[in-house]
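Visitor: I should like to learn how helix packing and internal cavities are read from a model. Please take me through an example.

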Amino acid sequence: MDIIFANYIHDLSPVIIEFSEKVKLRWYGLAYVAGFLVAYGILLHLSKKKLFVVKPEKVSDLVTFCAFLGVFLGGRIGYVFLYMVPEKGWGYLADDPLTVIRVWDGGMASHGGILGIMLYTLFYAFRHKVSWAGLGDGLTIVAPLGVFFGRVANFINGELYGTTTKDGAWYGVKFPASLVEDDDKLLHALTEASFVNEDVEKLMMQVDREVPSDMNWALNQVIEISREDPEVLEALGNHIELRHASQLYEGFLEGLLIFLVLYWMRVKFPKIANGIITGCFFLIYAGFRILVENVREPDSEKLYGMTKGQFYSTFMIVIGVLFLIWGLVRREKIRQG
């Protein structure tokens, strides 16, 4: 185990195929596509088995609008208001208001995506006269698979990495992007890399080593070079600390495991009241998110001693309890509409 994992320096490329300098097929984009396609297939299957409140012929429209209005816009707006504005201030948003809808610029919040889906499904339930809780039961079964694909893509991208592990931990991974956390290590790593590669040497001659933005830009360029040059990768690795692969922890716990549990509940207990599965999703997801956040490098300042992921997850616990109460009190059964 030590030989396989502890010495691994992350060198995966976020790009699958590069058609041109501006047109590239990325793993992150493919993860979203895979998530939506799998969600459609599973919901269509459940609908045909009368285990989802939406009729088979309407599933594609539901998934499409949930994807766009819920996941993309909700996730982006959630990221802007839950993470970006608290960190950079309202002035940043006032100077560039269109950042709210620029999903292609990166930065998505899972909590925002979940809230976006909740709001859209509330509208859908009202318009089509179906149970809102019943809609939630179906969507919360497939949503974790989107989380799974997304977190795997985060790992491939080398982003959202975890906190440092103990030296020599077999489960630790060296993420080159983490060098931005320490200016001294970043400088030493890039300097050593310049000794073994002429392109890196020329690159370092062009940047101002006293300017953080220049050094961060240089690091991104050197990471690209390291994927083709093992000596550069090793030079970077000599200055990188081992970290938890928290993206994979989240992918398997918040994604794959929750999907398996909720899908089993749906099939094993077909007459379970609407809202119970949704409530279980919120409670289990929040629990796993709070747990994994303990080994995930915070992407912003903490709130009340908690990471923002943990803080926002506490509200999910409340929502989960409310859905369980809804289901136990109303005892609605699946009725397709």
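Guide: We shall take the overall fold, a helix pair and a cavity in turn. The model is predicted: local features need pLDDT of at least 70, side-chain atom pairs count only at pLDDT 80 or more, and totals for chains, interfaces and linings use all residues. Residues are numbered from 1 along each chain as its sequence is written, and side-chain values use heavy atoms, without hydrogens and water.

Visitor: How many helices and strands are in the protein chain?

Guide: Helices (H or I, at least four residues) and strands (E, at least two) are DSSP runs, numbered from the N terminus. The protein chain has 13 helices and 4 strands.

Visitor: At what angle do H6 and H11 pack?

Guide: Axes are lines fitted to C-alpha atoms, for helices over the stretch in contact, and angles run from 0 to 180 degrees between N-to-C directions. H6 (residues 132–157) and H11 (residues 246–268) pack at about 160°, their axes 8 Å apart. H6 is therefore roughly antiparallel to H11 (the term applies to angles over 145 degrees).

Visitor: Which residues line the second largest cavity?

Guide: On a 1 Å grid over the protein atoms alone, a cavity is a set of points where a 1.4 Å probe fits but cannot get out; lining residues have an atom within 4 Å of a point. The whole structure holds 2 cavities of 30 Å³ or more. The second largest has about 30 Å³ of space, and its lining consists of Leu 51, Phe 52, Val 53, Gly 134, Asp 137, Gly 138, Arg 266, Asn 274 and Ile 334. H6 gives the most to this lining, with 3 residues.

Technical notes:
Parallel < 35°, antiparallel > 145°, perpendicular 65-115°, else oblique. 1 Å grid on protein atoms, 1.4 Å probe; cavity = no way out; pocket = protein on both sides within 12 Å on 5 of 7 lines; lining within 4 Å. Points joined across faces, edges and corners; volume = space filled by probe spheres on them.
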